[in-house]
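Grab a pencil and have the viewer ready. The exercises below ask you to work things out for yourself before you read each solution.

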Amino acid sequence: MPLRLMIEFDTAVHHGSGFGIAGVIDRAILRDENSMPYLAGSALKGKFRFAASRLLRAKGGQPCGPPGEPWCSGPTACLLCRIFGSPRRSGLAVFEDAYPAPPADAILRALNKNSRSPVLAGGSEVRSSTAIDRYSRRARSQHLFSTEVVPPLLAFESQIMGELNREEIDCLIASARLLDHFGGDSARGLGLCRCLVEVAG
Ligand SMILES: [Zn+2]
């Protein structure tokens, strides 16, 4: 039975595509072929693994894998490797990409269709910030950096598929509660969120 994943943002969020649009924007958000913003399942999975390893450490455990430990091996893998996989085995949990939940999805579709910009799809905002010099850590004068963000108060939903047992499901539910930011620039207040995982149906 799939698990339902909800992630609700209090602030705007930048989940980057890794690309800009030349002359228009320095950092664009990730969008699918219909220009709909989404959160990559692989990025969500990474966040959940990190949260699950924090939970394990809080209980006095030591997650396997770098830095410090080898990946666990043998027929019985640890809880984290069973769920999330490792270079030695594939994990059970499959995180699907998260899409805007109703009713915002319909609004975003309409905004995309009616975008007045020939290059930038609708439904997003552009934030400008001063570029910080990597070496001096001081703001470079005359350098404004533009970041595309999804507007605040959007919720995204996704599913986690896979044959998970009760212990593995409980780990994912507990990890979701720890997730309080997602995407880039959380130090500037972007991507603050709450996350919920529940058994669907
Ligand atoms: Zn392991």
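Before you start, one definition: helices (at least four residues) and strands (at least two) are DSSP runs, numbered from the N terminus. Keep in mind, too, that this is a predicted model.

**Exercise 1. Find the place of Leu-120, and decide whether it is buried, partly exposed or exposed.**

Step 1. Look along the chain. Leu-120 sits in the loop that links helix 3 (104-113) to strand 6 (125-132).

Step 2. Count the neighbours. There are 16 other C-beta atoms within 10 Å of Leu-120. You'd need 20 or more for buried, and 12 or fewer for exposed. Leu-120 is therefore partly exposed.

Step 3. List its contacts, skipping neighbours within four places in sequence. You should get Ile-21, Val-24, Ile-25 and Ser-115.

Step 4. Try a distance. From Leu-120 to His-181 it is 61 residues in sequence and 25 Å in space, C-alpha to C-alpha.

**Exercise 2. Do the same for Pro-100: which element holds it, and is it buried or exposed?**

Step 1. Pro-100 belongs to strand 5, which covers residues 99-100.

Step 2. Pro-100 has 21 C-beta neighbours inside 10 Å. The cut-off for buried is 20 or more, so Pro-100 counts as buried.

Step 3. Leave out residues up to four places away in sequence, and Pro-100 touches Pro-37, Asp-105, Leu-108, Leu-154 and Phe-156.

Step 4. Phe-156 turns up again when you look at pairing: Pro-100 stands opposite Phe-156 in strand 8.

Step 5. For a distance here, take Leu-179. It is 79 residues from Pro-100 in sequence and 18 Å away in space, C-alpha to C-alpha.

**Exercise 3. Work out which strands pair with strand 8, and in what sense.**

Step 1. Start with strand 1. Strands 1 and 8 run antiparallel, joined by 6 bridges. Check two partners: Arg-4 goes with Gln-159, and Met-6 goes with Glu-157.

Step 2. Move on to strand 4 (residues 94-95). Its pairing with strand 8 is antiparallel, over 2 bridges, and Phe-95 has Ile-160 as its bridge partner.

Step 3. Add strand 5, which pairs with strand 8 in the antiparallel sense over 2 bridges.

Step 4. Now see what strand 1 does elsewhere. It pairs with strand 9 as well, antiparallel over 7 bridges. In that pairing, Met-6 has Leu-196 as its partner.

**Exercise 4. Sort the residues of strands 1 and 8 into a covered and an uncovered face.**

Step 1. In strand 1, put Leu-3, Leu-5, Ile-7 and Phe-9 on the covered face, and Arg-4, Met-6 and Glu-8 on the uncovered one.

Step 2. In strand 8, the covered face is Phe-156, Ser-158 and Ile-160. The uncovered face holds Ala-155, Glu-157, Gln-159 and Met-161.

**Exercise 5. Describe helix 1 and how it sits against helix 4.**

Step 1. Check its length. Helix 1 has 18 residues and reaches 26 Å from its first C-alpha to its last, close to the 26 Å expected at 1.5 Å a residue.

Step 2. Pick out its buried residues: Leu-44, Lys-47, Phe-48, Arg-49, Ala-51 and Ala-52. They pack against helix 2, strand 4, strand 8 and helix 4.

Step 3. Get the angle. The axes of helix 1 and helix 4 come within 8 Å and cross at roughly 100 degrees. Angles from 65 to 115 count as roughly perpendicular, so that's how helix 1 lies to helix 4.

Step 4. Name the residues making this contact. Helix 1 supplies Phe-48, Ala-51, Ala-52, Arg-54 and Leu-55, while helix 4 supplies Cys-171, Leu-172, Ala-174, Ser-175 and Leu-178.

Step 5. Look just past the end: helix 1 is followed by Gly-60, whose phi is positive, near 90 degrees.

**Exercise 6. Find the largest nonpolar core and say which elements build it.**

Step 1. Recall the background: in soluble globular proteins, nonpolar side chains tend to be buried together.

Step 2. The largest core here has 35 residues, and those with the most contacts inside it are Ile-7, Val-13, Ala-93, Ile-160 and Leu-172.

Step 3. Two or more residues each come from strand 1 (3-9), helix 1 (41-58), helix 2 (79-84), strand 8 (155-161), helix 4 (166-178) and strand 9 (193-199).

Step 4. Zoom in on Val-13. Apart from neighbours within four places in sequence, it contacts Val-149, Val-150, Phe-182, Gly-183, Leu-190 and Gly-191.

Terms used:
Residues are numbered from 1 along each chain as its sequence is written. This is a predicted model: local features need pLDDT of at least 70, side-chain atom pairs count only at pLDDT 80 or more; totals for chains, interfaces and linings use all residues. A nonpolar core is a set of buried Ala, Val, Leu, Ile, Met, Phe, Trp, Tyr and Cys residues joined through C-beta atoms within 7 Å. Two residues are in contact if their C-beta atoms, placed from the backbone, lie within 7 Å. Two strands pair if DSSP finds at least two bridges between them. The expected span of a helix is 1.5 Å times one less than its number of residues. Axes are lines fitted to C-alpha atoms, for helices over the stretch in contact, and angles run from 0 to 180 degrees between N-to-C directions. Angles under 35 degrees count as roughly parallel, over 145 as roughly antiparallel, 65 to 115 as roughly perpendicular and the rest as oblique.
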